[in-house]
Amino acid sequence: MSHDIISAAFESRLLAWAKARAKPIKVVVENETYTPATGETYLRAFTLPALTGSNTLGGDHRVYTGVFQVNIVTSSGKYRTEASGIVDELAALFPLNLRIPRAGLVALVMTPVAPGPGIPDGNTFTVPASFQYRSDTN
């Protein structure tokens with residue numbers, strides 16, 4: 001499925017970056033179980049695919065759109081400083097109009113990375129960061 005290919009393209013870029021950071025950070029992808037250490041900051045990445053469309057009468061075109069979201073999970077009580085810095089790093093990693101080819105598709109970053117509102121949940125504070133994507137096939 002093409003949304004799976006697109007997810008893999010974004011996830012592989014994110015995983016490589018996370019390992020290469022001066023302070024590596026764990027990335028948890030969809031349907032992966034993970035129990036963080038106390039006070040650990042980590043990322044949860046997933047796609048929110050939209051409906052697949054077609055822009056031709058012959059039906060030979062497909063457009064895959066959706067949102068790629070990375071939740072930055074930190075300890076509560078740290079305000080947003082660590083998470084905000086990671087959002088900035090993600091914005092540099094996935095710049096507007098970035099094209100990532102994978103398995104015959106090209107995933108395109110359609111909007112700048114933007115943070116959402118912080119979500120407090122007991123001992124953690126989560127800051128979502130996301131962007132819209134698109135991929136066209138003929």
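Start with the whole protein chain and colour it by burial: of its 138 residues, 39% are buried. Keep in mind that you're looking at a predicted model. The accessible surface comes to about 7600 Å², and carbon and sulfur atoms own 55% of that.

**Zoom out**

Turn the chain around and picture a box about its C-alpha atoms: along the principal axes, that box is roughly 55 × 25 × 25 Å. Now switch to cartoon view. You should find two helices and eight strands. Going along the sequence, they come in the order α-β-β-β-α-β-β-β-β-β.

Next, colour by pLDDT. The mean for the protein chain is 93, and 99% of the residues reach 70 or more. Which element has the lowest mean pLDDT, and which the highest? Select residues 119–121 for the lowest: that's strand β7, with a mean of 90. Then select residues 26–29 for the highest, strand β1, at 98.

Want to see the charges? Show the 12 positive and 11 negative side chains; the centres of the two sets lie 4 Å apart.

**Select residues 62–75**

This is strand β3. Is it mostly covered or mostly open? Mostly covered: 11 of its 14 residues are buried.

Now add its partners. Select residues 42–49 to bring up strand β2, which runs antiparallel to β3 and is joined to it by eight bridges. For a single pair to click on, try T47, which stands opposite F68 in β3.

Then select residues 124–137, strand β8. Here 14 bridges make the link to β3, and again the two strands run antiparallel. Click V73 and look across to β8, where its bridge partner is T126.

While you're looking at partners from separate parts of the sequence, here's a figure for the whole protein chain: among contacts with a separation of 6 or more, 58% are between residues 24 or more positions apart.

**Select L96**

Where does this residue sit? L96 is in the loop between α2 (81–93) and β4 (99–102). L96 has a relative accessible area of 44%, so it counts as partly exposed.

Show what's around L96. Setting aside neighbours within four places in sequence, L96 is in contact with V109, M110, T111 and P112.

For a last stop, draw a distance from L96 to P120, C-alpha to C-alpha. The two are 24 residues apart in sequence, and in space they are 29 Å apart.

Technical notes. Residues numbered from 1 in each chain as written. Predicted model: local features only at pLDDT ≥ 70, side-chain atom pairs only at ≥ 80, totals over all residues. Heavy atoms only, no water. Helix = DSSP H or I, 4+ residues; strand = E, 2+ residues; numbered from the N terminus. Buried < 20%, exposed > 50% of the residue type's maximum accessible area, 1.4 Å probe, protein only. Contact = heavy atoms within 4.5 Å. Areas by Shrake-Rupley, 256 points an atom, 1.4 Å probe, with all protein chains shown as cover. Lys, Arg positive; Asp, Glu negative; His and termini not counted. Charge placed at Lys NZ, Arg CZ, Asp CG, Glu CD. pLDDT = per-residue confidence, 0-100. Pairing = 2+ DSSP bridges.
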